[in-house]
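Biologist: Hello, and thanks for making time. Could you take me through this model at an easy pace?

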Amino acid sequence: MIRTKFSLYVVVAALMGGLTSCGFFKTDKLVDPNNISVASFVSNPTRDQVNLLAVGVQAVPRTGYLDLIRITAAVGREGIYSASTDNRYFTELLGTSAATFGGATDPNGIFNTYYTSFSSTRRVSEFFNLACQSATALSAAEKAGAKGFARTIQGWAMLELLNMQYKNGIRSGYTDLNTPGDMLKPLKFTDYAGGLDLVIATLNDGSTSLDAAGSTFAFASAFTSGWTGFTTPAAMKQVNRAFAARAYMYKQDWANMNTALSQSFLSLTGSLSVGPQLNFANAQNDTPNSLFQNPDGNGAPYVLFDDIVTSAEPGDKRIATKTRKRTTARSSGAISSNYEIQIYSSNAAPISIIRNEELILMSAEAKAQTGDLPGSVAAINVIRTSAGLAAYSGATTKDVLITEILKQREYSLLFEGHRWFDARRYNLLTTLPYSTPPYKIFDGMVRPNAETQWELANPL
C-alpha cells in the first residue's frame with residue numbers, strides 16, 4: 001500500500017512536470033526535461049500503470065477546487081476566509097485594492113492556485129488518454145472508456161477554469177502532441193462564448209466515447225469511494241451529461257440543457273446528495289479538506305456575510321445544517337460576521353462535484369426558461385420540501401420563478417462556488433452586498449501574469 005501510494009505521487013508529479021508555478025508557465029522555448037520521462041510513461045503502459053494514472057486524474061484537481069471555493073465565496077459575497085495572517089482574502093478579493101492592480105486582483109498574487117490546478121487537470125487527463133490509446137493491453141472498448149472518462153474530467157475542469165476567468169477565456173487546445181519536446185504546448189485563448197463551445201464539444205466527444213466503451217472500465221478498481229455509483233461507462237455518461245447541462249445553462253441553451261438533464265442522473269424522487277465527490281484525507285502525501293473547521297476558530301475561520309443567514313426563510317433547515325452562530329463576532333476588516341460555515345464534519349470529508357440537488361434546480365430553471373412553468377414549480381417544491389419549507393405559493397411567471405430558483409440555489413449550493421456565477425449570468429452582481437466603493441465586485445479573475453509572460457515569450 002505504501003509503495004502504491006508513493007508510486008502514484010511520483011507519477012502525478014511527473015505528469016505535472018512543467019505544469020506547476022515553476023514549470024507550467026516557463027517563459028523560454030527549451031524542452032522541459034521532466035517531459036522526457038512523461039513521454040516514456042505514456043507509451044504503452046501496463047494495466048497497473050493505467051490504474052495509477054486514473055487515480056492521479058482524480059487527485060490533481062482537489063487543491064484547485066478548495067481554492068475556487070475560497071475565492072468564489074468572497075467575490076460572490078457568501079463568506080470570507082478570515083485569515084489573521086493575510087488580509088488579502090478580505091481586501092483584495094473584495095475589491096478594496098483593485099485600483100492598485102488596474103481594477104483587478106494581483107496577477108502575481110496568491111489567488112492562482114485554482115488556475116494551475118484546473119489547467120493541470122486538463123493536461124493530466126490528456127496524458128491519461130494518450131497513455132491508454134497506446135496501451136496494447138487494452139481493448140478498443142476499454143480505450144474508448146478511457147477517452148470518455150478523460151474528456152468528462154477535462155470538460156468539468158475547463159468549465160470551472162472558464163467561469164473563473166470569464167472574458168479572458170481558456171486555452172483553445174494544444175499543438176501537435178507527436179512533436180518531440182512539444183507535448184501539450186498550449187494554443188491561443190478563446191473568449192467566454194468560444195470557451196463554452198469548447199467545453200461542450202469536449203463533453204460531447206466524451207459522451208460519444210462512453211457509448212462505445214462497453215460495460216466496464218479497464219481502470220474500474222482505481223476509482224475512489226467518491227465515485228461510488230458512477231464507475232461504469234453508462235453511469236459516467238450520466239455524469240458527463242450533468243456537466244454538459246451545466247455548460248448549456250451558462251450558454252443559455254435551455255433546450256439542450258433539458259436534453260442533457262434527461263440523460264443525466266437527475267431524479268426528482270431520489271436522494272439529493274447523489275453524485276460524484278472529491279475525496280480528501282488527513283494523511284501523509286494526501287490532501288485534507290481545509291474547508292472543515294472547529295467552532296469559533298480565531299486563526300483563519302470561514303465566516304459568512306450575515307445577510308446569508310438573516311435573509312433566509314424562517315425554518316429553512318439548510319441554515320441549521322450548514323451554518324452556526326459564533327460566540328463572538330469575527331471582524332474581517334470593516335466587515336463583522338456573526339455566523340460561520342459548518343458544512344464538513346472533518347478534514348477527511350468529501351466535497352461534492354455535482355449532485356442531484358443541483359440537477360433538480362437546473363431542471364427547474366430550464367423548465368421555467370422553456371415555458372414549462374408547472375414543471376418548474378414541481379422541481380422547486382422538491383427542494384423546498386427537503387429544506388423544511390412550505391410549497392411554493394408565489395407568482396408563476398418566468399421571471400418570478402427564476403428569482404425563486406436563484407434563491408434556492410443560494411442555500412442548496414452554499415459555499416460550493418455558484419452564487420458569484422449565478423449573479424453574473426443574470427446581471428445581478430451589483431445587487432450583492434458590498435458592491436459599491438471602497439468595494440468592488442469583479443466579473444472574473446485576472447489572468448495570471450505568468451501566463452501573460454509566457455505569451456510574450458512564446459508568440460503563437
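Biologist: What span should the 21 residues of helix 5 have, and how far apart are its end C-alpha atoms?

Modeller: Happy to help! This is a predicted model, where local features need pLDDT of at least 70, side-chain atom pairs count only at pLDDT 80 or more, and totals for chains, interfaces and linings use all residues. Residues are numbered from 1 along each chain as its sequence is written, and side-chain values use heavy atoms, leaving out hydrogens and water. Helices are DSSP runs of H or I with at least four residues, strands are E runs of at least two, and both are numbered from the N terminus. The expected span is 1.5 Å times one less than the number of residues, so helix 5 (residues 113-133) should cover 30 Å, and its end C-alpha atoms agree at 30 Å.

Biologist: Is helix 5 largely enclosed or open?

Modeller: Buried means under 20% relative accessible area, exposed over 50%, and partly exposed in between (1.4 Å probe, protein chains only). In helix 5, 18 of the 21 residues are buried, so the rest of the structure leaves this helix largely enclosed.

Biologist: Which residues touch the most other members of the largest nonpolar core?

Modeller: Such a core is a set of buried Ala, Val, Leu, Ile, Met, Phe, Trp, Tyr and Cys residues joined through side-chain atoms within 4.5 Å. The largest has 107 residues. Those touching the most other members are Tyr114, Phe128, Phe149, Trp156, Phe219 and Met257.

Biologist: In strand 5, which residue is the bridge partner of Arg330?

Modeller: Strands pair if DSSP finds at least two bridges between them. Strand 4 (residues 323-332) and strand 5 (residues 335-341) run antiparallel, joined by six bridges. For Arg330, the partner in strand 5 is Ser337.
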